[in-house]
Amino acid sequence: PLPPHLLAPGGALAQARAHYEDRPEQRAMATAVARALADARPLLVEAGTGTGKTLAYLVPALASGKRVVVSTGTRTLQDQIARHDVPLLRTLIARPFTAVVLKGVPNYVCRRKLAAVASSEAGRNHRKLPMLLDWVASTETGDRAEVDWLADDDPLWEEVTTTTDTRLGPRCPYVEKCFVTLARRAAERADLVLVNSTKA
């Protein structure tokens, strides 16, 4: 069962959030999720806006000690969970856990293609290429979501990312540093894997 102190008034969530508000529906949903996980059975939940659904399923999922895959309907929600909810969950859940965001291949920068663009004549015309190179030198994920200064329709990104069909796999000189490969390896070991149901 779900540890009762986590989401209840006076519990871990209340202590972590200055503007905590008790949500009985959230606790009811969390309890149902915890029971479904314990019994290894499916659960279908419909909950309205403001219920606090994300924590209602993530708290019991992580508290269960099981490996969990969460699939969101959008990359926006996926990123929101990774950036806002996961750090909060680390303060609520007693045991440490690992969380990995896994996206479609075009969401990651390709080191091989970036190197090709950087060494090309046309590459010198990309005003934002130096910024992209600096980012790649410091990023741990290579995730497009980190590059908020590059417009969604900027042609530079299409030149430095790849697709499933054009990846070289083991033949790539950058395979050991490939962001897609590293993300997949991390996901194999993670307690929580965040994916999304979009094709990209």
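**Exercise 1. Classify the two partners of the salt bridge between aspartate 152 and arginine 144 as buried or exposed.**

Solution. Step 1: In this predicted model, aspartate 152 has a relative accessible area of 76%. Exposed requires a value over 50%, so aspartate 152 is exposed.

Step 2: Arginine 144 has a relative accessibility of 11%. Buried means under 20%, and arginine 144 therefore counts as buried.

Step 3: The closest N and O atoms of aspartate 152 and arginine 144 are 3.8 Å apart. The criterion for a salt bridge is a nitrogen-to-oxygen distance within 4 Å, so the pair qualifies.

**Exercise 2. Locate the salt bridge of lysine 103 and aspartate 143 in the chain, and determine the burial of each partner.**

Solution. Step 1: The two side chains meet at 3.0 Å, N to O.

Step 2: Lysine 103 belongs to the loop between strand 2 and helix 5 (111-118), whereas aspartate 143 belongs to the loop between helix 6 (129-138) and helix 7 (155-160). With their positions 40 residues apart in sequence, the pair links distant parts of the chain.

Step 3: The relative accessible area of lysine 103 is 10%, so this residue is buried. Aspartate 143, at 9% relative accessibility, is likewise assigned to the buried class.

**Exercise 3. Assign exposure classes to the salt-bridge partners arginine 185 and glutamate 176, and then identify the residues of the network formed by salt bridges that share partners.**

Solution. Step 1: The salt bridge between arginine 185 and glutamate 176 has an N to O distance of 3.2 Å.

Step 2: Arginine 185 is partly exposed at 34% relative accessibility. Glutamate 176 reaches 52% and thus counts as exposed.

Step 3: Shared partners join Asp79, Lys103 and Asp143 into one network. A search of the whole structure gives six salt bridges.

**Exercise 4. Describe the open sheet of three strands by strand order, edges and pairing.**

Solution. Step 1: The strand order is 1-3-2, and the pairing is parallel.

Step 2: Strand 1 and strand 2 (99-101) are the edge strands, each pairing on one side only.

Step 3: On average, neighbouring strands of this sheet are turned by 20° against each other, direction ignored.

Step 4: Strand 2 and strand 3 run parallel and are joined by three bridges. Within this arrangement, valine 101 stands opposite leucine 194 in strand 3.

**Exercise 5. Characterise the largest nonpolar core and name the element that gives the most to it.**

Solution. Step 1: This core comprises 24 residues, and Val59, Leu89 and Leu192 have the most contacts inside it.

Step 2: At least two residues each come from helix 1 (12-16), helix 2, helix 3 (53-63), strand 1 (68-72), helix 4 (75-92) and strand 3 (192-196). Helix 3 gives the most, namely six residues.

Step 3: Residues touched by leucine 192 include Leu58, Leu62, Val68, Val70 and Val86, with residues up to four places away in sequence not counted.

Step 4: A second, separate core has 18 residues, among them Val109, Leu132, Leu150 and Val180. In soluble globular proteins, nonpolar side chains tend to be buried together.

**Exercise 6. Place alanine 38 in the chain, and state whether this residue is buried or exposed.**

Solution. Step 1: Alanine 38 is part of helix 2, which spans residues 24-39.

Step 2: Its relative accessible area is 57%. The threshold for exposed is over 50%, so alanine 38 is exposed.

Step 3: The C-alpha atoms of alanine 38 and proline 60 are 9.8 Å apart in space, and the two residues are 22 residues apart in sequence.

How values were computed
Residues numbered from 1 in each chain as written. Predicted model: local features only at pLDDT ≥ 70, side-chain atom pairs only at ≥ 80, totals over all residues. Heavy atoms only, no water. Helix = DSSP H or I, 4+ residues; strand = E, 2+ residues; numbered from the N terminus. Buried < 20%, exposed > 50% of the residue type's maximum accessible area, 1.4 Å probe, protein only. Core = buried A, V, L, I, M, F, W, Y, C linked by side-chain atoms within 4.5 Å. Contact = heavy atoms within 4.5 Å. Pairing = 2+ DSSP bridges. Axes fitted to C-alpha atoms, helices over the stretch in contact; angles between N-to-C directions.
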